[in-house]
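The following exercises concern the packing of a single chain. Please inspect the sequence and the structure before working through each solution.

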Amino acid sequence: MEIIFEVGFHIISAIFRFILVNILLDIIVEMVVRATGYGIIYCYRFGQNIDIDSFEVILMGFLFWLGLIPLSLYIFVFK
């Protein structure tokens, strides 16, 4: 009987781990990076048509957050 509960607990924890890690984090990280990149490209191109799935949008969002983290560490921790 104890093995059945252990297997059930393992299955339930695997489902929650899949939902939290694979789905929620992918959605949150991807949306934050894409939204930031879209905003930067939108301001750079003055409102022209922009493909939100383009590599340029993802790269700009990623570079923005990659640059913001060391800048904030420098300002708030090392200064």
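**Exercise 1.** Determine which residues in H1 meet which residues in H2, and state how the axes of the two helices cross.

*Solution.* Step 1: from H1, the residues Val32, Val33, Arg34, Thr36, Gly37, Tyr38, Ile40, Ile41 and Arg45 meet Glu56, Val57, Ile58, Met60, Gly61, Phe62, Phe64 and Trp65 of H2 (contact means heavy atoms within 4.5 Å). The model is predicted: local features need pLDDT of at least 70, side-chain atom pairs count only at pLDDT 80 or more, and totals for chains, interfaces and linings use all residues. Residues are numbered from 1 along each chain as its sequence is written, and side-chain values use heavy atoms, with hydrogens and water left out.

Step 2: sorted by class, this contact has eleven nonpolar, three polar and three charged residues (Ala, Val, Leu, Ile, Met, Phe, Trp, Tyr, Cys and Pro count as nonpolar, Asp, Glu, Lys and Arg as charged, and the others, Gly among them, as polar).

Step 3: the axes of H1 (residues 2-45) and H2 (residues 55-76) come within 7 Å and cross at roughly 105 degrees. H1 is therefore roughly perpendicular to H2 (65 to 115 degrees). Axes are lines fitted to C-alpha atoms, for helices over the stretch in contact, with angles running from 0 to 180 degrees between N-to-C directions. Helices are DSSP runs (H or I, at least four residues), as are strands (E, at least two), numbered from the N terminus.

**Exercise 2.** Establish whether Thr36 is buried or exposed, and do likewise for Ser54 and Ile69.

*Solution.* Step 1: Thr36, in helix H1, has a relative accessible area of 16% and is buried (buried means under 20%, exposed over 50%, partly exposed in between, with a 1.4 Å probe and protein chains only). Beyond its neighbours within four places in sequence, Thr36 is in contact with Gly61, Phe64 and Trp65.

Step 2: Ser54, in the loop between H1 and H2, is buried at 18%. Its side chain reaches the backbone oxygen of Asp51 at 2.9 Å.

Step 3: Ile69, in helix H2, is exposed, with a relative accessible area of 52%.

**Exercise 3.** Describe how spread out the chain is.

*Solution.* Step 1: the chain has two helices and zero strands. Its radius of gyration is 20 Å, well over the 12 Å that the globule rule gives for 79 residues, so the chain is more spread out than a compact globule (taken over C-alpha atoms; the rule is 2.2 Å times the number of residues to the power 0.38).

Step 2: the C-alpha trace spans about 65 × 40 × 15 Å along its principal axes, and 11% of the 79 residues count as buried.

Key. Parallel < 35°, antiparallel > 145°, perpendicular 65-115°, else oblique. Polar contact = N/O pair within 3.5 Å; in protein donor to acceptor, adjacent residues only side chain to side chain.
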